[in-house]
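Work through the exercises below with the model open beside you. Each task is followed by a stepwise solution.

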Amino acid sequence: MKQRLTKGILAAVLAFTTIQSIPLITANAACSHNYRHYAYDSTSWTRVYGPDGYVTKWENGRKIHYIKYQKTVYTCCVNCGGDEGSYVVTTLRCIE
């Protein structure tokens, strides 16, 4: 009798934990990582050196020279926290 009660309690606990984990498993399996990402960290702005680091634009009949800076932004999936990716942001700063 005691053994049957122990097996019944163990079965109930296993069933409960299985049922509790189904939504999490389903959510992770259903996440396609292409809905939304949020930026959680980034590097500091760094100067781009070499021929790509300088940009010249004509504005109002004048040549304006710019230096290019960039930083890497790291992202994470909003739904599941996975699919960590990154992208590069570029900005121009006038040197004249």
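**Exercise 1: Thr75**

Thr75 is buried, because its relative accessible area is 10%. Buried means under 20% relative accessible area, exposed over 50%, and partly exposed in between, with a 1.4 Å probe and protein chains only. The model is predicted: local features need pLDDT of at least 70, side-chain atom pairs count only at pLDDT 80 or more, and totals for chains, interfaces and linings use all residues. Residues are numbered from 1 along each chain as its sequence is written, and side-chain values use heavy atoms, with hydrogens and water left out.

Task: place Thr75 in its element and list what Thr75 is in contact with.

Solution.
- Step 1. Find the element. Thr75 belongs to strand 4. Helices (H or I, at least four residues) and strands (E, at least two) are DSSP runs, numbered from the N terminus.
- Step 2. Set the cut-off. Contact means heavy atoms within 4.5 Å.
- Step 3. Leave aside neighbours within four places in sequence. Thr75 then touches His37, Tyr38, Ala39 and Tyr40, and also Asp83, Glu84, Gly85, Ser86 and Tyr87.

**Exercise 2: two more positions in strand 4**

Task: decide whether Cys76 is buried or exposed, then treat Thr72 likewise.

Solution.
- Step 1. Cys76 is in strand 4. Its relative accessibility is 6%, so Cys76 counts as buried.
- Step 2. Take the contacts of Cys76 beyond four places in sequence. They are Arg36, His37, Tyr38, Tyr40, Gly81, Gly82, Asp83 and Glu84.
- Step 3. Check a C-alpha distance. Cys76 and Ala39 are 6.6 Å apart in space and 37 residues apart in sequence.
- Step 4. Move to Thr72, also in strand 4. Its relative accessibility is 22%, so Thr72 counts as partly exposed.
- Step 5. List its contacts, again without neighbours within four places. Thr72 meets Asp41, Ser42, Thr43, Ser86, Tyr87 and Val88.
- Step 6. Check the C-alpha distance to Val89. Thr72 and Val89 are 6.3 Å apart, with a sequence separation of 17 residues.

**Exercise 3: a nonpolar patch**

Task: which residues form a nonpolar patch on the surface with Tyr38?

Solution.
- Step 1. Locate Tyr38. It lies in strand 1, residues 37-42.
- Step 2. Test exposure. Tyr38 is partly exposed, because its relative accessible area is 41%.
- Step 3. Look across the sequence. Outside four places, Tyr38 contacts Tyr74, Thr75, Cys76, Cys77 and Val78. Tyr38 and Tyr74 are 36 residues apart in sequence, yet 8.3 Å apart C-alpha to C-alpha.
- Step 4. Add Val78. It sits in the loop between strand 4 (62-77) and strand 5 (85-94). Val78 counts as partly exposed because its relative accessibility is 34%.
- Step 5. Apply the patch rule. Patches are made of residues with over 30% relative accessible area and no salt bridge; like charges are joined within 9 Å, nonpolar side chains (Val, Leu, Ile, Met, Phe, Trp, Tyr) within 5 Å. A salt bridge is a side-chain nitrogen of Lys or Arg within 4 Å of a carboxyl oxygen of Asp or Glu.
- Step 6. Assemble it. Tyr38, Tyr40, Tyr74 and Val78 form the patch, with about 360 Å² of accessible area together. Areas come from the Shrake-Rupley method with a 1.4 Å probe; for residues, only the protein chains shown count as cover.

**Exercise 4: charges over rings**

Task: which rings have the charged ends of Lys57 and Arg93 over them?

Solution.
- Step 1. Set the test. NZ of Lys or CZ of Arg must be within 6 Å of the ring centre and within 35 degrees of the ring normal.
- Step 2. The charged end of Lys57 sits over the ring of Tyr66, 5.7 Å from its centre.
- Step 3. The charged end of Arg93 sits over the ring of Tyr69, 4.2 Å from its centre.

**Exercise 5: the whole chain**

Task: how many helices and strands does the protein chain have, and in which pattern?

Solution.
- Step 1. Count. The chain has 1 helix and 5 strands.
- Step 2. Order them. The pattern along the sequence is α-β-β-β-β-β.
- Step 3. Weigh burial. Of the 96 residues, 11% are buried.
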